Every structure is written in C-alpha cells, then in structure tokens.
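Here are a few notes to go with the structure, for someone opening it for the first time. Have it on screen and click along as you read.

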Amino acid sequence: MSVESHPCKNRKHGAPDVTSLARDTTPNTWKHRAHLRYTPSSKLNREMFVATLRQAAFDTSPVAVRKATPEDAPVCGRICYEAFTKISTEHAFPPDFPSVAVAIGVLSMMFSHPGFYCVVAESSGQILGSNCLDERSAIAGVGPITIDPEVQNKGVGRALMEAVLARSGERGCQGTRLLQAAFHNRSLSLYTKLGFDTREPISAMQGPPIKSPTPGYSIRPACMSDLEGCNRLCRRVHGHDRNGELRDAIEQGTAVVAERAGRIGAYATMIGFFGHLVGESNADVQALIANADAFLGPGILVPTRNAGLFRWCLEKGLRVVQPMTLMTVGFYNEPAGAYLPSILY
C-alpha cells in the first residue's frame, strides 16, 4: 500500500518532512551524554543558561546554552553526525546517520519548526553541541542531544539536558520522555540523576517489508477527519494523546490507519524510527506493520516486554539492531494496549 495515491492525503508545505531523511538513516539511536551543573546568569531569561565546566582546563571558559536558530544547523549537524558515529563504532553498532547531510537535514527541520524548542551550547563563540524538545503534545520528547566528541564527558550534556527540562517545567508539560541507548552507561546514569525513571526496554528492529495479508483490516492513509478518533485511541492506551505530531503527519501524508469492523483499531504517524504507532491490540498493530512498504530509518521500536509482538516481529524476519530504554519524568501510565514508540518516546 502506498500512501501517496490516496485522496485523503492533505500535505501542507509547513509540515516537517522527515520521510526522506528517515529513509536515509542507518540503524542505531539518538544518544544523550555528559555531565555538568549550570548556574543561571541572572534570573534565567528563559533562553539562556550559563554553565562553568568543572575541569580545570575549562575553568575560564563559561558555556552558554541559548536557543538554536536555523543558521546553527550546519555546525550542529556535523557535530551530531560525528558524535553518533564515534559512540556507535566504539560499541560496534552502525551509526545513526549515514552522512553529515542527513544529520543537518534533521536538525534543520527541528530548529525551524515552531513545535520544537532547540538549544545549543557554546563557549568563546564555538558551538559545542545541541539538544531539542518536541513540544507538539502534552508530553514533551527529548532529543537528539549531541556533544562535540572533543568536549564530551566534561559537563556540556548536563547543561543541555537541564535547559530543556527547565523549559518543559515552565510550559507545564504533563511529563518529559526520551529513549536512551541501553549500551550507554553514562547517559543512563545522568538521566536517572536528573529525575528520569526507567519504564520500558525497547528493541530497535529492522528487516525487509513483511507484506503479508491481514484479513478483516482496511489499511489506508489517515485523514484530518480521523484525528479525534486516533487521539481518543491514544488516550485510551496511554492516558494522553499526541495530537500535534499526528496532525503534522496527516498534513505530510505519512500517517496511516488500520480499520476493522468500520472503526479505527490502530494508527501510525509513520512506520519507522521517527513515528509512533498505537493500537487496541497486538493484532491491530501487526496489521499496520505487515502492510508497511518499508521500515523507515533505522527501523521500528518494539517494546521488548510485549513478548507476543516481539516474537511475531522476529518470526516475520525482523532482527534486533540494538536495545534501548524508554525513560520518563512526570506523568506516566502503564499502556493499556499495544504500541510502538518513536525515537522521542
């Protein structure tokens, strides 16, 4: 099934187009790293944090964390690519991004989209790293956070994390979530110290399209008229909806639904790394996975505790690329249905 041919498609130029970027990325995940304490330079102007690195070599070099601009994307994209490539290859995983250009494209979209709050850390005019917060729904999602390999493990990551957590608190978000690379011990420790709780082991999975029949289901692109039904389903499963992300995905033409008995049993903003999927049951989720033309980007993210869904994916030829961890601050409900998170949560 191709979503391109359906008349419900309602793409607007303002929606973020991550589809082509997702197709180009290679397996792994966004990692989050480093440690540091920040001290606000005045009362915190909601856009700026000033931090002093603990290492002696940096004692005279304050690090400012400010709001990112689209013009920062080329430098931050290069840092993003280099940081992920370094940490991934050190742990024998393929890198998240196949090229600097792809990383720049992802950050360019996020830095320019009004639904994201993005920050960069810099010292003496040099950008050291960046972080983003997806604010399109009641739950905020963190990532990607990347630090220049030359200054990692010196505190920049903590400053960037505290900046977006402060922003989430100021906006009154119900909660903040992220996916963490399970092999990265330092980020697991940092996020736990910052208040995140470990909620779910996740398996990033990739493989050839399944393309198997799903009797009783109609798979089609989502329309704006589906928005409330999909939001209602998400609230039933998770206790909150992801309205902003879903609306963007419908406008972009990547969202799909699985209907059975005349009603929506599952929806996905995208079948891949950057999209989330929610269903009443494993069968509903499997119907969407089985009809996907490809698993975009590094693959789909499967909750490992859902043994039935995980086993089904393995039996259909998908393989685990790497283990990850869903972590949360604030509101969290144990899911009352089946789902796939996005790389944000």
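1. Start with Pro221, which lies in strand β9, residues 218-221. Bear in mind throughout that this is a predicted model. Is Pro221 buried or exposed? With a relative accessibility of 4%, Pro221 counts as buried, because the limit for that is under 20%. If you want a partner to look for, try Ala258: the C-alpha atoms of Pro221 and Ala258 are 8.9 Å apart, although 37 residues separate the two in sequence.

2. Now for the charged pairs. How many salt bridges does a search of the whole structure find? The count is 23. One of them joins Asp226 to Arg220, with 2.8 Å between N and O. Asp226 is buried at a relative accessible area of 7%, and Arg220 is buried too, at 15%. Elsewhere, salt bridges with shared partners tie Arg236, Arg260, Arg263, Glu280 and Asp284 together in one network.

3. Take a look at Glu135 and Arg171 as well. They form a salt bridge whose closest N and O atoms are 3.4 Å apart. This pair connects distant parts of the chain, 36 residues apart. Glu135 sits in the loop between β4 (126-134) and β5 (139-142), while Arg171 belongs to the loop between α4 (156-170) and β7 (175-181). The two ends have their own surroundings: Glu135 counts as buried, at 11% relative accessibility, whereas Arg171 has 46% and so counts as partly exposed.

4. Helix α4 holds a salt bridge of its own, between Glu162 and Arg158, at 3.4 Å from N to O. Why are these two about one helical turn apart? Because they are four residues apart in α4. As a reminder, an α-helix has 3.6 residues a turn, so residues three or four places apart point the same way. Both Glu162 and Arg158 are buried.

5. Next, helix α9, residues 307-315. Which of its residues are buried? They are Leu309, Phe310, Trp312 and Cys313. These residues are on the same side of α9, because the arc they cover around the axis is only 160°. Among the elements covering them are β8 (197-206), α8 (282-290), β13 (300-303), β14 (319-330) and β15 (338-340). After α9 comes Gly317, and its phi is positive, near 100°.

6. Two helix pairs are worth rotating into view, beginning with α2 (residues 73-90) and α3 (residues 100-112). Their axes come within 8 Å and cross at roughly 130°, which makes α2 oblique to α3. The crossing is right-handed. On the α2 side, the residues that meet α3 are Ala73, Pro74, Cys76, Gly77, Arg78, Cys80 and Tyr81. Their counterparts in α3 are Val100, Ala103, Ile104, Leu107, Ser108 and Phe111.

7. The other pair is α6 (residues 227-238) with α7 (residues 243-252). What is the angle at which their axes cross? It is roughly 140°, with the axes coming within 10 Å. α6 passes α7 in a right-handed crossing. In this contact, Leu227, Cys230 and Asn231 of α6 meet Asn243, Leu246, Arg247 and Ile250 of α7.

Terms used
Residues are numbered from 1 along each chain as its sequence is written. This is a predicted model: local features need pLDDT of at least 70, side-chain atom pairs count only at pLDDT 80 or more; totals for chains, interfaces and linings use all residues. Side-chain values use heavy atoms; hydrogens and water are left out. A salt bridge is a side-chain nitrogen of Lys or Arg within 4 Å of a carboxyl oxygen of Asp or Glu. Buried means under 20% relative accessible area, exposed over 50%, partly exposed in between (1.4 Å probe, protein chains only). The arc is that of the directions from the helix axis to the C-beta atoms. Contact means heavy atoms within 4.5 Å. Axes are lines fitted to C-alpha atoms, for helices over the stretch in contact, and angles run from 0 to 180 degrees between N-to-C directions. Angles under 35 degrees count as roughly parallel, over 145 as roughly antiparallel, 65 to 115 as roughly perpendicular and the rest as oblique. A crossing is left-handed if the near helix is turned anticlockwise from the far one by less than a right angle, and right-handed if clockwise.
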